[in-house]
Amino acid sequence: MPFGNTHNNFKLNFKVEEEYPDLTKHNNHMAKVLTKDMYAKLRDKQTPSGFTLDDVIQTGVDNPGHPFIMTVGCVAGDEESYEVFKDLLDPIISDRHSGYKPTDKHKTDLNFENLKGGDDLDPNYVLSSRVRTGRSIKGYALPPHNSRGERRAVERLSVEALNTLDGEFKGKYYPLKGMTDAEQEQLINDHFLFDKPVSPLLLGAGMARDWPDSRGIWHNDGKSFLVWVNEEDHLRVISMEKGGNMKEVFRRFCVGLRKIEETFKKHNHCFMWNEHLGYVLTCPSNLGTGLRGGVHVKLPKLSTHAKFEEILGRLRLQKRGTGGVDTASVGGVFDISNADRLGSSEVDQVQMVVDGVKLMVEMEKKLEKGEAIDGMIPAQK
Amino acid sequence: MANNFARILSSKRNVGILSLVGAGSLTAAFLLNREHVTAGAQVRRVYPASAEYPDLRKHNNCMASHLTPAIYAKLVEKATPNGYTLDQAIQTGVDNPGHPFIKTVGMVAGDEESYEVFADLLDPVIKERHNGYDPQTMTHPTDLDSSKLKSGKFDDRYVLSSRVRTGRSIRGLSLPPACTRAERREVERVVVDALAGLKGDLAGTYYSLTHMTDQEQQQLIDDHFLFDKPVSPLLTCSGMARDWPDARGIWHNNTKTFLIWINEEDHTRVISMEKGGNMKRVFDRFCTGLKEVERLIQEKGWEFMWNERLGYILTCPSNLGTGLRAGVHVNLPKLSKDPRFTKILDNLRLQKRGTGGVDTAAVGSTFDISNLDRLGQSEVQLVQTVVDGVNYLIDCEKKLEKGQDIKIPPPFKK
């Protein structure tokens with residue numbers, strides 16, 4: 001909840017063991033790390049905007065586990081959360097991001113020219129390509145914590161910036177509040193519309209408060225570049241198109257992001273970013289690049305192969321259903337994307353997707369012909 | 001009761017006692033006079049109230065009807081001594097613009113002091129919800145003397161079951177929207193401790209939601225006793241489901257006629273029920289049980305939240321006063337199809353619900369019929385209203401069975 005944290009001071013009247021959450025049945029990153037001693041150490045702290053330890057962990061306390069993935073179990077309420085609650089968040093970040101250390105530096109690389117290939121993924125298998133990331137506006141609290149006034153300010157700034165875009169990026173903003181039925185129908189058909197979160201992971205963190213106030217969708221006229229305002233992050237930026245031309249999708253992604261960032265800078269705003277954590281977002285799982293580059297790809301034979309999971313793991317890729325993170329696949333079509341976010345650059349991660357998907361499509365073709373793929377299984381990346 | 005709650009409690013007791021003493025007027029001076037009950041530390045704000053005021057244009061709940069920008073601006077910088085704020089109190093109403101069957105309240109209290117600190121909003125909301133009851137000028141009668149109830153035995157051919165429920169809050173501890181884990185656990189400890197002292201036909205057992213075995217859970221489901229984590233967004237948006245199932249549980253007596261929910265929507269919900277139409281016995285047990293539980297907690301130095309102006313203090317303003325819902329599951333196949341049914345219920349000050357509770361529709365012709373009112377009349381008066389009303393409905397049903405005509409009763413007068 002936003003501001004005024006007299007409530008946390010009141011809580012300090014109670015002993016640690018009385019306040020410490022019962023995490024015995026929990027299985028998320030937060031529960032693995034938050035000992036009673038750590039709770040005792042951090043419970044009297046708060047960020048300058050008043051975000052507290054209990055605010056950070058509430059979603060993890062309320063959601064002991066997830067059927068498909070090991071959830072993080074905590075969120076940031078503002079940029080400073082990552083500093084004030086380092087003792088909790090650093091080990092979680094390390095666990096979630098393959099051993100990333102508090103002293104490590106993260107590389108940002110949004111030069112699309114550095115991507116090799118990616119324009120030749122077979123469209124008979126790769127149905128669509130997409131790259132998304134998130135951006136937070138420095139100086140404003142994040143979705144778990146922001147007040148209506150702050151959220152509205154984020155919307156205002158974002159829409160101002162987006163409306164200056166031109167050329168291939170010229171587009172329009174559709175606020176969720178006051179959307180006409182026709183607009184809504186069109187956005188659903190385009191697969192652009194996001195709805196009020198239903199996942200208890202998000203609801204438990206307070207991200208859906210005041211819905212649909214200051215939420216909206218902006219997209220370019222070509223329907224290939226899309227920005228979500230005030231959903232799980234301040235901004236989610238998405239470049240997508242049908243088919244397998246990931247190279248083009250990534251180019252548009254990088255160019256668009258850069259233009260948006262420039263416009264913000266002109267208005268004396270910038271994105272939350274630092275050398276250690278890269279781009280700062282609400283969920284610790286999205287730190288670094290915040291990038292998920294992926295395809296919807298037909299892999300009916302490969303996906304039933306005994307080594308499918310192993311192959312994905314070695315390629316540093318993950319699978320999801322075509323409905324997104326909380327779904328299972330339908331008809332042998334999978335959403336395949338990079339597993340990493342922090343510790344490698346945007347170019348590195350998209351390269352892994354491009355190379356990995358190319359390999360898997362070749363494997364699928366081999367399996368179609370009844371041939372074995374054992375010789376093709378890659379080494380661990 | 002020498003524990004670390006003692007210090008907090010002593011200041012809270014003063015709060016409670018002063019609320020009894022105060023009699024109000026509409027001005028800000030009203031709050032200033034009640035020194036011990038004014039705001040805690042000023043709430044830090046970055047934006048002016050006008051930038052924070054919620055967009056309530058598409059909303060239809062009591063909070064939205066009364067929260068003007070002026071009242072918002074006045075109250076938004078205040079917090080209760082525990083730090084509960086206006087924005088927290090109204091969050092559920094902002095997030096839930098309306099309900100298909102009923103006009104919802106749209107706000108909650110985080111603690112006893114909320115009703116004082118946010119009186120400028122809560123008083124008009126209470127007035128609208130409770131049929132004109134004015135907390136500024138009126139007092140609420142409490143009467144748990146069940147011997148006063150007349151003719152409380154219904155015809156079992158129509159009434160399938162009878163039930164009376166209310167809620168009680170433990171003074172000195174925050175309410176479910178705001179309570180910390182420690183406070184919630186203390187509520188559980190205090191209440192379970194007291195319930196262990198019940199004897200005779202009230203003796204029973206506590207089942208903690210965290211430690212329940214599968215068999216216990218199945219039995220409680222079969223008995224229709226088990227409550228689950230709230231799914232209604234009205235409740236989840238106000239923060240009542242935090243830390244589930246920590247410190248939540250169900251207690252019931254061995255004969256399964258007296259049941260207490262701990263830390264669901266209120267600190268406690270107290271339920272007396274049985275199959276059939278003996279509302280008198282249900283109400284007897286209800287009053288005896290409640291008084292006994294009160295005696296047991298008082299032995300340990302605790303008390304229920306109550307004051308003269310608002311009666312028993314509960315989380316939702318709709319449950320103030322008696323917090324009492326007395327009802328029956330009754331079969332009314334002919335009457336329920338009569339176009340006058342709704343008007344008859346209205347005039348009897350009764351409401352109908354489906355047999356699944358507040359958010360359900362009726363199945364077949366069996367309805368949950370209960371009192372509409374909570375505040376401004378006593379427990380005895382409200383249960384009498386239900387008794388008289390249900391008897392009237394059964395009488396109508398019988399008349400219709402015989403092909404006779406029925407009359408709409410005159411509007412209820414207290």
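**Exercise 1. Confidence along chain A**

Determine which elements of chain A have the lowest and the highest mean pLDDT in this predicted model.

*Solution.* Start with the elements: the lowest mean pLDDT, 80, belongs to helix 1 (residues 6-11) of chain A, while the highest, 98, belongs to helix 4 (residues 36-42) of chain A. Then set these values beside the chain as a whole, where the average pLDDT of chain A is 93 and 97% of the residues score at least 70. As a caution for reading any such model, predicted coordinates should not be read in detail where pLDDT is low.

**Exercise 2. Burial of helix 5**

Work out how many residues of helix 5 of chain A are buried, and name them.

*Solution.* The helix spans residues 53-62 of chain A, and 9 of its 10 residues are buried, so that the element is mostly covered, taking buried to mean under 20% relative accessible area. By name, the buried residues of helix 5 are L53(A), D54(A), V56(A), I57(A), Q58(A), T59(A), G60(A), V61(A) and D62(A).

**Exercise 3. The setting of D166(A)**

Locate D166(A) with respect to the secondary structure, and classify its exposure.

*Solution.* First, the position: D166(A) sits in the loop that runs between helix 8 (148-163) and strand 2 (171-175) of chain A. Next, the exposure: D166(A) has a relative accessible area of 49% and is therefore partly exposed, because that class lies between the 20% and 50% limits. Finally, the distance to N220(A): the two residues are 54 apart in sequence, and their C-alpha atoms are 9.0 Å apart in space.

**Exercise 4. The contacts of N274(A)**

Describe where N274(A) lies and which backbone nitrogens its side chain reaches.

*Solution.* N274(A) belongs to strand 6 (residues 273-274) of chain A, and its relative accessibility of 26% makes it partly exposed. Its side chain reaches the backbone nitrogen of H276(A) at 3.0 Å, and a polar atom of that side chain also lies 2.6 Å from the backbone nitrogen of L277(A). Over a longer stretch of sequence, N274(A) and D95(A) are 179 residues apart, with a C-alpha to C-alpha distance of 20 Å.

**Exercise 5. Cysteines and disulfides**

Establish how many disulfides the whole structure holds, and examine C316(B) as a case.

*Solution.* The search over all chains returns 0 disulfides. For C316(B), the nearest cysteine sulfur is that of C62(B), 9.0 Å away, and C316(B) is in no disulfide, because a disulfide requires the sulfur atoms to be within 2.5 Å. As for accessibility, C316(B) is buried at a relative accessible area of 13%, and C396(B), at 3%, counts as buried too.

Definitions and conventions:
Residues numbered from 1 in each chain as written. Chains lettered and ligands numbered in written order. Heavy atoms only, no water. Buried < 20%, exposed > 50% of the residue type's maximum accessible area, 1.4 Å probe, protein only. Helix = DSSP H or I, 4+ residues; strand = E, 2+ residues; numbered from the N terminus. pLDDT = per-residue confidence, 0-100. Polar contact = N/O pair within 3.5 Å; in protein donor to acceptor, adjacent residues only side chain to side chain.
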